[in-house]
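Work through the exercises below with the sequence and the model open beside you. Try each task before reading its solution.

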Amino acid sequence: MISATGIHAKFPAPGQAAQLGARATALLRTGSYLQCPSAGLRVACAIPQQHHLAPRCFSTTRERRLRGFFPAKPTPHIETTPPSWPHPGYTMEEMKAVVPAHRRPETWSDWVAWKIVRFARYWMDKVTGMDRAQKFDKSQPTTSTAAAKPLTEEQWLVRFVFLESIAGVPGMVGGMLRHLDSLRQLKRDNGWIETLLEESYNERMHLLTFMTMCEPGWFMKIMIIGAQGIFFNTLFIAYLIYPKIVHRFVGYLEEEAVHTYTRSIEEIESGQLKKWSEPNFQIPDIAIQYWKMPEGRRTMRDLLLYIRADEAAHRGVNHTLGNLDQKEDPNPFVSKFKDREPLNPLKGTGYERKDVI
Ligand SMILES: [Fe+2]
Ligand SMILES: [Fe+2]
């Protein structure tokens, strides 16, 4: 019995994804542990009982060197190292209620942030080999998920990995700069730092989850390094000069993330992503532990529901933070109110300042 199907993806050149996906599918049909020649995308399938593997596959590693991914290093005293920031958890109702949303740009800085995200999205679609039939209604780019043709699992994983490797940067930049600001100016931060750092931690957990399902090739690794170099430095300067625009930018980026995960969930639900719908498909252990996913609720769809809810929380939090006075206002998501319950971070377009401060 095949108890895990891993997809081992290398970042394809533009337009190659469909062709490579077809080659990958053919390879999957042929056996339990397979290697594809040096194409941009390689797929392999492992049998854990035989090789004692985690679901990730290793098409470039010699068989005798195969091992589980992110293995715990044995030490004399440490048994396990749980996440430092335990996940707060969501109910199934909360996760299912998440929908793509769009906050209309109102100021010049909103427009700049929105256009940068649209520009990045255009190139993301191009580089992941999205063809015309896979694209959706351009007039509603963040909320419409209907398209004539689904993406393949390989295309989805490429998008997820690249998106998550980028999404973990802004929270760290914002948290770091506010931390240094607090030290330098000898004043309180009022609850922003922890939320921002936790956001970047959460994004990294998304990345690690997908990394157990695919291994980026050299092209994608270079793209990630290049993007991080440019992205970190740009955000660093932007956050020093005008932090509001960075929070708005992240709000729009997270709108795209919610859109991406919503469409992939819908494609699973409509039976278009066959590999992820197989009853014996296993999601990574790291995800089960981090989100404390209950028994019987550990499908790929369940995993994407958790991740989409995280993205929706980042969307609501950053749109709200982008509306606040960056120097004076406390973080309302960790504040105790005189007259109301705690805020719901899953609110699509965030909260206006007058409503929460
Ligand atoms: Fe994420
Ligand atoms: Fe996010």
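UniProt positions are given in the numbering used here, and annotations may be inferred rather than shown by experiment. The model is predicted.

**Exercise 1. Find the residues that the UniProt annotation "transmembrane region" covers, and describe their secondary structure.**

Step 1. Start with the record. The unreviewed UniProt entry puts the "transmembrane region" at residues 218-242.

Step 2. Look at the fold of that span. Residues 218-242 are 96% helix and 0% strand.

Step 3. Check the ends. The end C-alpha atoms of residues 218-242 are 35 Å apart.

**Exercise 2. Describe the secondary structure and the contacts of the protein chain.**

Step 1. Count the elements. The protein chain has 13 helices and zero strands.

Step 2. Turn to burial. Of the 357 residues in the protein chain, 40% are buried.

Step 3. Sort the contacts by separation. Take those in the protein chain with a separation of 6 or more: 77% of them join residues 24 or more positions apart.

**Exercise 3. Decide where in the protein chain confidence is lowest and where it is highest.**

Step 1. Take the average. The mean pLDDT of the protein chain is 81, and 80% of the residues reach 70 or more.

Step 2. Compare the extremes. Confidence is lowest in helix α2 (residues 48-51), with a mean of 37. Confidence is highest in helix α12 (residues 300-321), at 97.

Step 3. Mark the weak stretch. Over residues 1-68, pLDDT stays under 50. The model has 136 contacts beyond four places in sequence for these residues.

**Exercise 4. Locate the "binding site" residues that UniProt lists, and examine E203 and H314.**

Step 1. Read the record. The unreviewed UniProt entry lists E203, E254, E311 and H314 under "binding site". They are spread over 112 residues of sequence, yet they cluster in space, with a largest C-alpha distance of 11.0 Å.

Step 2. Place E203. This residue lies in helix α7 (residues 192-211). Is E203 buried or exposed? E203 is buried, because 26 other C-beta atoms lie within 10 Å and the cut-off for buried is 20 or more.

Step 3. List the contacts of E203. Beyond four places in sequence, E203 is in contact with E164, A167, G168 and G171.

Step 4. Place H314. This residue lies in helix α12. H314 counts as buried because it has 26 C-beta neighbours inside 10 Å.

Step 5. List the contacts of H314. Leaving out residues up to four places away in sequence, H314 touches E199, V250 and E254. E254 is also one of the listed "binding site" residues.

**Exercise 5. Test the spans of helices α5, α7 and α12, and say how far each is buried.**

Step 1. Take α5 (residues 153-167). Its 15 residues should span 21 Å at 1.5 Å a residue, and its end C-alpha atoms are 20 Å apart, so the two agree. In α5, 15 of the 15 residues are buried, so this helix is largely enclosed by the rest of the structure.

Step 2. Take α7. Its 20 residues reach 29 Å from first C-alpha to last, close to the expected 28 Å. Its buried residues include W192, E199, E203 and H206. The buried residues of α7 pack against α5, α6 (169-185), α11 (285-290) and α12.

Step 3. Take α12. Its 22 residues reach 32 Å, close to the 32 Å expected. This helix is mostly covered, with 21 of its 22 residues buried.

Methods:
Residues are numbered from 1 along each chain as its sequence is written. Chains are lettered from A and ligands numbered from 1 in the order in which they are written. This is a predicted model: local features need pLDDT of at least 70, side-chain atom pairs count only at pLDDT 80 or more; totals for chains, interfaces and linings use all residues. Helices (H or I, at least four residues) and strands (E, at least two) are DSSP runs, numbered from the N terminus. pLDDT is the predictor's confidence in each residue, from 0 to 100. Two residues are in contact if their C-beta atoms, placed from the backbone, lie within 7 Å. The expected span of a helix is 1.5 Å times one less than its number of residues. A residue is buried if 20 or more other C-beta atoms lie within 10 Å of its own, exposed if 12 or fewer, and partly exposed in between; C-beta atoms are placed from the backbone.
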